[in-house]
Amino acid sequence: IVLLLINTLASVVNPLIPGLAINEITKHNQTGLFWMCFFFLVNNTILWLSQFQQVYQMTWVGQHALYRVASDMFHHVASLSLTFFDENETGRVMARMQNDVTVLQQVLSNGMISIFGSFLSLIGIMVFLFVLQWELALLVSISIPVMAIALWVWQRAARRAFLRARDSISEVNATIQENVSGARVIQSLTRERQNSHNFERVNDKNMQANVHAGKVTAFIQPLVAVVSAIALAVAVFVGGLMVRSGALELGFLVSYALYINRFFDPIRDMTQQYSNMQRATVAAERIFEILDWPQDV
């Protein structure tokens with residue numbers, strides 16, 4: 001968390017330095033230009049070091065969490081009564097112990113900390129936007145309610161799509177496990193063709209579910225890009241008029257344009273991580289359904 005705060009601060013300050021450098025150029029101040037370039041290099045070095053350590057440490061946390069969850073699931077399943085195995089296909093249980101645990105680990109490694117960091121970046125960028133030019137900041141802020149409404153509508157469809165995708169892959173794994181473990185029986189009854197048809201049906205269902213989930217995921221990213229482009233175009237046009245009238249320095253307009261690009265990066269990242277969080281929520285529900293299964297005997 002400490003490294004995240006350092007990284008976020010350095011990231012928020014970064015777009016301001018090129019604007020200050022351009023202001024020094026317009027003033028023909030060579031010494032000031034040198035110091036701005038020096039600060040830019042130092043700030044990016046801090047960005048690199050803090051991000052490297054943050055990603056490494058969160059990966060360590062995520063992998064250890066994965067180890068503990070997988071161990072807990074294995075020990076619990078091994079202690080369950082035989083009625084559990086009668087009521088649950090082996091392939092479905094294996095899918096939860098492998099696929100769902102992996103999805104959960106990905107979020108634990110970078111998802112939650114990334115959402116927190118993006119939120120802090122968004123707040124920091126908004127502060128700098130209002131400090132540089134509050135009128136332009138108000139124009140950019142109009143896009144926030146639009147994005148919030150779009151995300152609210154989208155997440156409801158996304159959750160249903162991801163739940164269907166997780167269920168379908170479990171069915172595929174269960175079918176594969178049954179056919180591999182029961183190969184002798186299948187061949188002795190010459191059911192290869194019938195079982196192949198059954199698997200094609202299950203596999204097609206899984207493909208359709210994942211294609212639909214991909215379509216739902218693909219919708220949100222272009223929407224963020226379009227809103228970002230509109231906000232940038234408005235800011236550059238209005239800001240350009242302010243530069244012509246002398247109400248805004250050219251360097252600050254450049255920084256403002258860079259900040260608007262950065263402004264939608266946290267939103268884009270949060271939408272992407274939110275997709276992963278939706279998958280992880282579904283995976284966690286399926287994992288804890290196993291962990292909470294009672295021991296009859």
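Which residues in H2 are buried? Let's work through that and a few more exercises on this model.

A word on ground rules: this is a predicted model, where local features need pLDDT of at least 70, side-chain atom pairs count only at pLDDT 80 or more, and totals for chains, interfaces and linings use all residues. Residues are numbered from 1 along each chain as its sequence is written, and side-chain values use heavy atoms, with hydrogens and water left out.

**Exercise 1. Find the buried residues of H2, then look at what follows the helix.**

Step 1: get the terms straight. Helices (H or I, at least four residues) and strands (E, at least two) are DSSP runs, numbered from the N terminus. Buried means under 20% relative accessible area, exposed means over 50%, and partly exposed is in between (1.4 Å probe, protein chains only).

Step 2: read off the helix. Leu16, Ile17, Gly19, Ala21, Asn23 and Glu24 are buried in H2.

Step 3: move on to His28, which sits in the loop between helix H2 (16–26) and H3. Its relative accessibility is 73%, so His28 counts as exposed.

Step 4: check the backbone. Most residues other than glycine have a negative phi. His28, though not a glycine, has a positive phi near 60°.

**Exercise 2. Locate another positive phi in a residue that is not a glycine, and compare its setting with a glycine after H9.**

Step 1: go to Thr190, with a positive phi of about 50°. Thr190 lies in the loop between helix H8 (183–188) and H9.

Step 2: classify Thr190. With a relative accessible area of 62%, it is exposed.

Step 3: walk along H9, which has 54 residues and spans 79 Å from first C-alpha to last, close to the expected 80 Å. The expected span is 1.5 Å times one less than the number of residues.

Step 4: just after H9 comes Gly246, with a positive phi of about 85°.

**Exercise 3. Find the salt bridge and describe the surroundings of its acidic partner.**

Step 1: count. With a salt bridge taken as a side-chain nitrogen of Lys or Arg within 4 Å of a carboxyl oxygen of Asp or Glu, the structure holds 1.

Step 2: name the pair. Glu171 and Lys205 meet through their side chains at 3.3 Å, N to O. They link distant parts of the chain, 34 residues apart: Glu171 is in helix H7 (residues 143–181) and Lys205 in helix H9.

Step 3: compare exposure. Glu171 has a relative accessible area of 19%, so it is buried, while Lys205 is partly exposed at 47%.

Step 4: bring in Arg92, which belongs to helix H5 and is partly exposed at 30%. The C-alpha atoms of Arg92 and Glu171 are 6.4 Å apart, though 79 residues separate the two along the chain. Leaving aside neighbours within four places in sequence, Arg92 is in contact (heavy atoms within 4.5 Å) with Asp167, Ser170, Glu171 and Ala174.

**Exercise 4. Describe the largest nonpolar core.**

Step 1: define it. A nonpolar core is a set of buried Ala, Val, Leu, Ile, Met, Phe, Trp, Tyr and Cys residues joined through side-chain atoms within 4.5 Å.

Step 2: pick out the hubs. The largest core has 24 residues, and Leu129, Tyr256, Tyr259, Ile260, Phe263, Phe264 and Ile267 touch the most other members.

Step 3: assign helices. Helix H5 (90–132), helix H6 (134–141), helix H9 (192–245) and helix H10 (250–291) each supply at least two residues of this core. H10 gives the largest share, 7 residues.

Step 4: zoom in on Tyr259. Not counting residues up to four places away in sequence, Tyr259 touches Val12, Val13, Pro15, Leu16, Ile125, Phe128, Leu129 and Leu132.

**Exercise 5. Map the nonpolar patch on the surface.**

Step 1: set the criteria. Patches are made of residues with over 30% relative accessible area and no salt bridge: like charges are joined within 9 Å, nonpolar side chains (Val, Leu, Ile, Met, Phe, Trp, Tyr) within 5 Å.

Step 2: list the members. Val2, Ile6, Phe34, Trp35, Phe38, Phe39, Val42 and Ile46 form the patch, with about 740 Å² of accessible area together (Shrake-Rupley method, 1.4 Å probe, only the protein chains shown counting as cover for residues).

Step 3: trace the sources. Helix H1 (2–13) and helix H3 (30–79) each supply at least two residues, and H3 gives the most, with 6.

Step 4: inspect one member. Phe39 is in helix H3 and is partly exposed, with a relative accessible area of 40%.
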